[in-house]
Amino acid sequence: MKSAFRVFLSYLLCDWLATAGTIIVTTSAVVFLTLAFESFSNPYYGILVFLILPGLFVFGLVLIPLGVWRCSRRIGGVSNIPEAQITGTKAIRLFGLIALLTVVNVAILSAASYQSVKYMDSNQFCGTTCHTVMSPQHTAYQDSPHARVDCVSCHIGPGAEWFVQYKLSGLAQVFAVTFNTYHKPLPAAIRSLRPSQDTCEQCHWPQKFISDKLRIVKRYDEDEKNTEKTTVLLMHIGTRIHKAHVGRNIEYVSSEPARQEIPWVSVDGVEYKAGEPVGEKRRMDCIDCHNRPTHAFETPGPAVDKALESGELDRSIPFVKRDALLALNGKKPIDGAPVAVKRIFARNIWPRMDITWGAYPNNIGHDAFPGCFRCHDDNHKNASGKSISQDCSTCHELLAVGEESPEILKQLGIATGEKK
Ligand code: HEC
Ligand code: HEC
Ligand code: HEC
Ligand code: HEC
Ligand code: HEC
């Protein structure tokens, strides 16, 4: 027994590769055992514990036979490997050294892993370093209500299972980026996203959706004065919109990846048809309406209106809206446009990723894209002839539509924003 152990030891010490392999194997095993049973909510912790450490372990295991082979070639056969003459104080010193190295390695690996986990979790990593191809999404994200919400809160969520699934697909994506085989623009992620109960509802719990909300939308004409027109909507968010879909069993079929055409819908088994149900079936959740809660790419008109409303673009310049649209649509050189217009262009147009106006439809309304009207078009009918309603007051009361000085805002005591 004793001599078998010594033979084994002499193999490991015969070549530095084998020795290095031994150290890597033991350390990664020790670190793995220390970390593997910690409970964690950070998905990247998992990459380290379940991908990198086992990887190191295997790497070490491969080094050992490689070292033994090198050694035996050098001295003409395994049987010639001299038995390690390690006894007494020499042995104690050797084991002491191995123990010390292990402790040092554990310390280094833990510190390094803590730092790398922290780093990999950062939005900088997600949005830029590793994912340069995602910089359009990162830029739109920084200018959104979720700018302070981590990418991983929506894209991975808590727990280990989804993390593993995401990282496996992440590995495939790393290859796609390395060999430049990815699709441009990047496909919308809805298929691979986790059901929104585990992501969105971690922060927005449906029980708190109770009230309706007033929305005041400013639009500007393309005339000399850039005339301001105001639309006032009472959005039936809590009383109808969320109630009608959230927590209900609504399924639909769409035949194309962007999900802009929906020929078939069912609510608790009642079918509404506008065509044949060919395509992939999906259970509706938050993301079917809020598909752009953060990577909301703009369309030229509303983007310019927003800049005019905030004052970033000076409304007193004659025809500023018309000229901004001409520049954004490539009918006038963008170089001569005001800074605010250049910024809108840079935020939304990404030639390197083939992203131009409208590349990513936004499903929340029905203005630039079909949105709600994908189903609410009075065309989807059930067996008894009832349709999914397009009646304007189903979703909102139109308190004013494109008025210069809406009466309703005066009644509510809200200034119209017109400069006096
Ligand atoms: C508030 C939740 C949320 C956050 C935070 C978030 N995303 Fe997304 N992301 C989504 C949703 C929802 C989609 C799916 C859009 C669709 O299918 O139409 C998506 C899609 C994507 C896509 C696919 C391309 C596209 O535009 O559809 C990329 C790439 C992406 N996100 C990257 C990121 C990065 C990088 C970050 C952090 C900087 C991030 N996301 C943060 C919700 C989020
Ligand atoms: C980590 C917490 C968190 C997660 C996860 C999250 N949100 Fe949010 N959400 C917020 C915060 C914070 C705000 C900003 C509230 C504010 O500005 O008043 C917000 C705002 C919103 C708004 C209002 C936007 C506006 O224009 O005012 C919508 C809609 C929304 N989130 C939808 C979603 C959807 C859909 C998801 C899942 C894809 C999601 N959120 C995931 C925290 C979160
Ligand atoms: C049928 C489509 C639809 C679904 C499904 C849906 N929402 Fe909404 N949600 C809306 C609309 C429309 C608004 C109002 C947007 C506006 O006024 O611009 C809204 C508003 C919101 C707001 C802002 C509320 C406020 O008072 O400002 C949040 C947050 C939100 N939704 C989160 C969610 C979450 C989380 C889910 C999933 C549990 C969800 N929504 C499901 C359509 C939907
Ligand atoms: C995938 C199809 C689908 C989409 C997309 C969709 N809805 Fe619906 N919606 C339905 C169905 C089906 C019903 C009917 C539910 C029932 O029978 O109770 C419904 C009902 C409603 C109702 C209640 C109608 C009533 O008579 O009380 C409102 C409000 C509503 N939707 C708003 C919206 C808004 C706002 C959007 C876009 C942000 C939207 N829906 C997008 C399928 C959809
Ligand atoms: C199924 C729900 C639904 C129905 C039906 C509906 N709308 Fe809307 N509408 C919305 C939502 C959601 C928004 C808000 C989009 C957003 O947040 O920007 C909206 C926004 C609007 C706006 C403001 C657009 C802007 O400039 O930003 C107008 C105007 C409007 N709707 C008119 C109508 C008219 C007219 C009808 C009847 C033909 C109608 N809507 C039917 C859901 C609906």
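## A walk around the ligands

Let's begin at ligand 2, where helices α7 (151-155) and α9 (200-203) each supply at least two residues of the surrounding shell. Keep in mind as you look around that this is a predicted model. The residues around ligand 2 are P145, H146, V149, S153, C154, T199, C200, C203, H204 and H290. Sorted by character, this shell holds five nonpolar residues, five polar ones and no charged ones. Two histidines are worth finding here. In the side chain of H146, an N or O atom sits 2.7 Å from a nitrogen atom of ligand 2. For H204, a polar side-chain atom lies 2.8 Å from a nitrogen atom of ligand 2.

Now follow α7 to ligand 1, since α5 (123-129), α6 (135-142) and α7 are the elements that give two or more residues to the shell around ligand 1. In total, 24 residues surround ligand 1, and the closest are Q137, C151, C154, H155 and H295. You have already met C154, which is also listed around ligand 2. Three side chains make polar contacts that you can trace on the screen. An N or O atom in the side chain of Q137 is 2.8 Å from an oxygen atom of ligand 1. The side chain of H155 places an N or O atom 2.8 Å from a nitrogen atom of ligand 1, and a polar side-chain atom of H295 is 2.8 Å from a nitrogen atom of that ligand. The shell around ligand 1 divides into 14 nonpolar, eight polar and two charged residues.

Next comes ligand 3. Of the 17 residues around ligand 3, K213, H242, C286, C289 and H290 come nearest. H290 also appears in the list for ligand 2. Which elements each supply at least two residues of the shell around ligand 3? They are α9, β1 (213-220), α10 and α11 (286-289), and the largest share, four residues, comes from α10. The side chains of H242 and H290 each have an N or O atom 2.8 Å from a nitrogen atom of ligand 3. R215 reaches an oxygen atom of ligand 3, with a polar side-chain atom 3.0 Å away. This shell contains nine nonpolar, four polar and four charged residues.

The next stop is the iron atom of ligand 4. Its protein donors are the NE2 atoms of H245 and H376, lying 2.0 Å from the iron. These two histidines link distant parts of the chain: H245 belongs to helix α10 (residues 237-245), while H376 is in the loop between α14 and α15, 131 residues apart. The arrangement counts as octahedral because the six donor atoms around this iron subtend angles of 86 to 179°. Are the two histidines buried or exposed? H245 is partly exposed, with a relative accessible area of 22%, whereas H376 counts as buried at 16%.

Finally, look at ligand 5. Its iron atom is coordinated by H366 and H396, both through NE2, at 1.9 to 2.0 Å. Here, too, the pair links distant parts of the chain: H366 lies in the loop between α14 (339-348) and α15 (392-395), and H396 in strand β7 (residues 396-403), 30 residues apart. Why is this arrangement octahedral? The six donor atoms around the iron subtend angles of 82 to 180°, and that makes it so. H366 has a relative accessible area of 39%, so it is partly exposed. H396, at 11%, is buried.

Note on methods:
Residues numbered from 1 in each chain as written. Chains lettered and ligands numbered in written order. Predicted model: local features only at pLDDT ≥ 70, side-chain atom pairs only at ≥ 80, totals over all residues. Heavy atoms only, no water. Donors = N, O, S within 2.8 Å, 3.2 Å for Na, K, Ca; no water. Tetrahedral: all angles 85-135°; square planar, octahedral: opposite > 155°, others 65-115°. Buried < 20%, exposed > 50% of the residue type's maximum accessible area, 1.4 Å probe, protein only. Near = heavy atom within 4 Å. Polar contact = N/O pair within 3.5 Å; in protein donor to acceptor, adjacent residues only side chain to side chain. Nonpolar A, V, L, I, M, F, W, Y, C, P; charged D, E, K, R; others polar.
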